[in-house]
Amino acid sequence: MKLVFAGTPEVAVPALDALIASDRHEVAAVVTRPDAPAGRGRRLVASPVAERAAEAGIEVLKPARPRDEDFLARLREIAPDCCPVVAYGALLPKVALDIPAHGWVNLHFSLLPAWRGAAPVQHALMAGDEMTGASTFLIEEGLDSGPVYGVVTEAVRPTDTSGDLLTRLAFAGSGLLAATMDGIEDGTLTAVPQPAEGVTLAPKITVEDARIDWTAPALRVDRVVRGCTPAPGAWTLFRGERLKLVQAVPAPGRTELAPGELAVGKNDVHVGTGSHAVELLWVQAQGKKPMRAADWARGVRIGAGERLGAD
């Protein structure tokens, strides 16, 4: 088939690579979000998908909005058979959905109908799911509600961050997406409607969602830290400024600390929660680089009775 691939971040690149490598399909063009400011200089930078497509000599389309008439006209000229999508980041209007003969097929990083929305991996971790995966489905106008072509499963490991899990799913999902294109092309795959039961939503994680509630159990604190790493980053307040928690682990042996209460040893830092403590391993103070929690604690000279989380 002739394909137009839509995607933007680094997590979409493995799927693009898999389709470029396929000897059954032609990636005629790539659709991605416009260049965005990045770094301290805030200069415009192309998306990872745009950079990979340029390296491969593939035409790159960067519409400000997918309903722009210039973009739609070019898409009609290319006349793709199918448009595979991975984390494109913009809502596709029906007029665009109707152009390819086989529609737009999305690789979504959950086992649908669970975790429909922008942040499925983060929500799976924060909910304590033991199993997740990726699904390919035909995009409809509803939110991740279209019929499913195929799935792959992936076990959630006890120390997984959302970055760890998303990286594994990106590579496992790239094979699923390529196989889905093969099945659509040779007519062996039929999309199956999603069940009405088991629908959960995974909206974008906000900065407030990533704030640690020290009265919650240590298990919940651990899940929020891992689910929000690397983005947006779990955080708390210390002396009125934000402190990002880069890595923390439950410490069941410490039960004497009140929620948010700090206990600093020679080479360790513990914080009380609603159950037992957690040990802080890496933190990032406002305006600083990530550092070992013990080094941070020595530098700020934590006093007796000081706590995290107080406004």
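**Exercise 1. The chain as a whole**

What share of the contacts with a separation of 6 or more in the protein chain is accounted for by residues 24 or more positions apart? Describe the overall build of the chain as well.

*Solution.* The model is a predicted one. Begin with the secondary structure: the protein chain holds eight helices and 15 strands. Next, take the contacts with a separation of 6 or more; residues 24 or more positions apart account for 65% of them. Then consider burial: of the 311 residues in the protein chain, 46% are buried. The C-alpha trace spans about 70 × 45 × 30 Å along its principal axes. Finally, the accessible surface amounts to about 14800 Å², and carbon and sulfur atoms contribute 53% of this area.

**Exercise 2. The charges**

Determine how far apart the mean positions of the positive and negative charges lie.

*Solution.* The protein chain carries 32 positive and 38 negative charges. The mean positions of these two sets are 9 Å apart.

**Exercise 3. Helix α1**

Identify the buried residues of helix α1 and the elements against which they pack.

*Solution.* Helix α1 covers residues 13–21. Its buried residues are Val-13, Pro-14, Ala-15, Leu-16 and Leu-19. These buried residues pack against three strands and two helices in the following list:

- strands β1 (2–7), β2 (26–31) and β6 (83–86);
- helices α2 (48–55) and α6 (162–186).

**Exercise 4. An aromatic pair**

Classify the geometry of the pair formed by Phe-238 and Trp-296, and state which elements the pair ties together.

*Solution.* A pair of aromatic rings is described by the distance of the centres and the angle of the planes. The count of aromatic pairs comes to one. In this pair, Phe-238 and Trp-296 are 5.1 Å apart, centre to centre, with 70 degrees between the planes. Because planes over 60 degrees apart count as edge-to-face, the pair is edge-to-face. Phe-238 belongs to strand β10 and Trp-296 to helix α8 (residues 293–300), so the pair ties together parts that are 58 residues apart in sequence. Both Phe-238 and Trp-296 are buried.

**Exercise 5. Gly-240 and Arg-242**

Is Gly-240 buried or exposed? Locate Gly-240 in the chain, and describe the placement of Arg-242 relative to Trp-235.

*Solution.* Gly-240 is found in the loop between β10 (235–238) and β11 (241–251). Its relative accessible area is 53%, so Gly-240 is exposed. In sequence, Gly-240 and Ala-310 are 70 residues apart, while their C-alpha atoms are 7.4 Å apart in space. As for Arg-242, its charged end sits over the ring of Trp-235, at 4.2 Å from the ring centre.

Conventions. Residues are numbered from 1 along each chain as its sequence is written. This is a predicted model: local features need pLDDT of at least 70, side-chain atom pairs count only at pLDDT 80 or more; totals for chains, interfaces and linings use all residues. Side-chain values use heavy atoms; hydrogens and water are left out. Helices (H or I, at least four residues) and strands (E, at least two) are DSSP runs, numbered from the N terminus. Buried means under 20% relative accessible area, exposed over 50%, partly exposed in between (1.4 Å probe, protein chains only). Rings of Phe, Tyr and Trp (its six-membered ring) pair if their centres lie within 6.5 Å; planes under 30 degrees apart count as stacked, over 60 as edge-to-face and the rest as tilted. A charge sits over a ring if NZ of Lys or CZ of Arg is within 6 Å of the ring centre and within 35 degrees of the ring normal. Contact means heavy atoms within 4.5 Å. Accessible areas come from the Shrake-Rupley method with a 1.4 Å probe; for residues, only the protein chains shown count as cover. Lys and Arg count as positive and Asp and Glu as negative; His and the chain ends are not counted. The place of a charge is taken as NZ of Lys, CZ of Arg, CG of Asp or CD of Glu.
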